[in-house]
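User: I'd like to learn how to read a structure like this one, feature by feature. Could you walk me through it?

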Amino acid sequence: MENVIRNYESLLLDYSEASRIALDTGRKRLLAFVMEKLEEFERSFIETFSFEELLELQNKFNSQGLLIA
């Protein structure tokens with residue numbers, strides 16, 4: 001599970017960076033790619049664990065300042 005959490009954290013950091021690039025340059029292809037990967041991860045997580053556990057994990061990262069707005 002620790003590896004899964006690290007992978008999710010990495011995707012959230014990628015999202016943050018891709019969002020910054022999109023805002024700075026107007027280029028959105030990287031952001032779209034990262035959002036697709038996040039969606040794939042979250043769907044897989046829900047299938048393997050549960051929606052409630054995903055919400056708990058998101059709350060953990062939100063409290064650390066990593067969130068998707």
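Analyst: Below we go from the overall fold to helix packing, aromatic rings and two single residues. Keep in mind that this is a predicted model.

User: Let's begin with the overall picture. How many helices and strands are in the chain?

Analyst: The chain has 3 helices and 0 strands. Read from the N terminus, the order of elements is α-α-α. Along the principal axes, the C-alpha atoms fill a box of roughly 35 × 25 × 20 Å. Of the 69 residues, 28% count as buried.

User: And what share of the contacts with a separation of 6 or more comes from residues 24 or more positions apart?

Analyst: That share is 62%.

User: Now helix packing. How do I describe two helices that sit against each other?

Analyst: Two packed helices are described by the angle between their axes and by the distance between those axes. Here, take helix 2, residues 29-48, and helix 3, residues 51-63. They pack at an angle of about 130 degrees, and their axes are 7 Å apart. An angle over 145 degrees would count as roughly antiparallel, and 65 to 115 as roughly perpendicular, so helix 2 is oblique to helix 3.

User: Which residues make the contact between helix 2 and helix 3?

Analyst: From helix 2 you have Glu42, Phe45 and Ile46; helix 3 brings Phe51, Glu53, Leu54, Leu57 and Gln58. Sorted by class, this contact has 5 nonpolar, 1 polar and 2 charged residues.

User: I see some Phe in there. How do I read the aromatic rings?

Analyst: Look at how far apart the ring centres are and how the planes are tilted. Rings pair if their centres lie within 6.5 Å, and by that rule the count is 4 aromatic pairs. One of them is Tyr8 with Phe41: 4.8 Å centre to centre, with 10 degrees between the planes, so under the 30 degree cut-off the pair is stacked. Tyr8 belongs to helix 1 and Phe41 to helix 2, so this pair ties together parts 33 residues apart in sequence.

User: Are those two rings buried or exposed?

Analyst: Tyr8 has 2% relative accessibility and counts as buried. Phe41, at 15%, counts as buried too. The cut-off to remember is under 20%.

User: Which residues form the aromatic cluster?

Analyst: Tyr8, Phe41, Phe45, Phe49 and Phe61 form one cluster. While you're looking at Phe61, check its face: Lys60 lies over it, at 5.8 Å from the ring centre.

User: Let's try a single residue. Where does Met1 lie, and what does it touch?

Analyst: Met1 is in the segment before helix 1, which spans 2-25. Leaving out residues up to four places away in sequence, Met1 touches Phe45, Phe49 and Glu53. At 49% relative accessibility, Met1 counts as partly exposed. Its C-alpha atom is 22 Å from that of Glu36, which is 35 residues away along the chain.

User: One last try: what can I say about Leu30?

Analyst: Start with its place, which is in helix 2. With 43% relative accessibility, Leu30 counts as partly exposed. Setting aside neighbours within four places in sequence, Leu30 is in contact with Ala18 and Ile21. For a distance reading, take Leu12: it is 18 residues from Leu30 in sequence and 13 Å away in space, C-alpha to C-alpha.

Methods
Residues are numbered from 1 along each chain as its sequence is written. This is a predicted model: local features need pLDDT of at least 70, side-chain atom pairs count only at pLDDT 80 or more; totals for chains, interfaces and linings use all residues. Side-chain values use heavy atoms; hydrogens and water are left out. Axes are lines fitted to C-alpha atoms, for helices over the stretch in contact, and angles run from 0 to 180 degrees between N-to-C directions. Helices (H or I, at least four residues) and strands (E, at least two) are DSSP runs, numbered from the N terminus. Angles under 35 degrees count as roughly parallel, over 145 as roughly antiparallel, 65 to 115 as roughly perpendicular and the rest as oblique. Contact means heavy atoms within 4.5 Å. Ala, Val, Leu, Ile, Met, Phe, Trp, Tyr, Cys and Pro count as nonpolar, Asp, Glu, Lys and Arg as charged, and the others, Gly among them, as polar. Buried means under 20% relative accessible area, exposed over 50%, partly exposed in between (1.4 Å probe, protein chains only). Rings of Phe, Tyr and Trp (its six-membered ring) pair if their centres lie within 6.5 Å; planes under 30 degrees apart count as stacked, over 60 as edge-to-face and the rest as tilted. A charge sits over a ring if NZ of Lys or CZ of Arg is within 6 Å of the ring centre and within 35 degrees of the ring normal.
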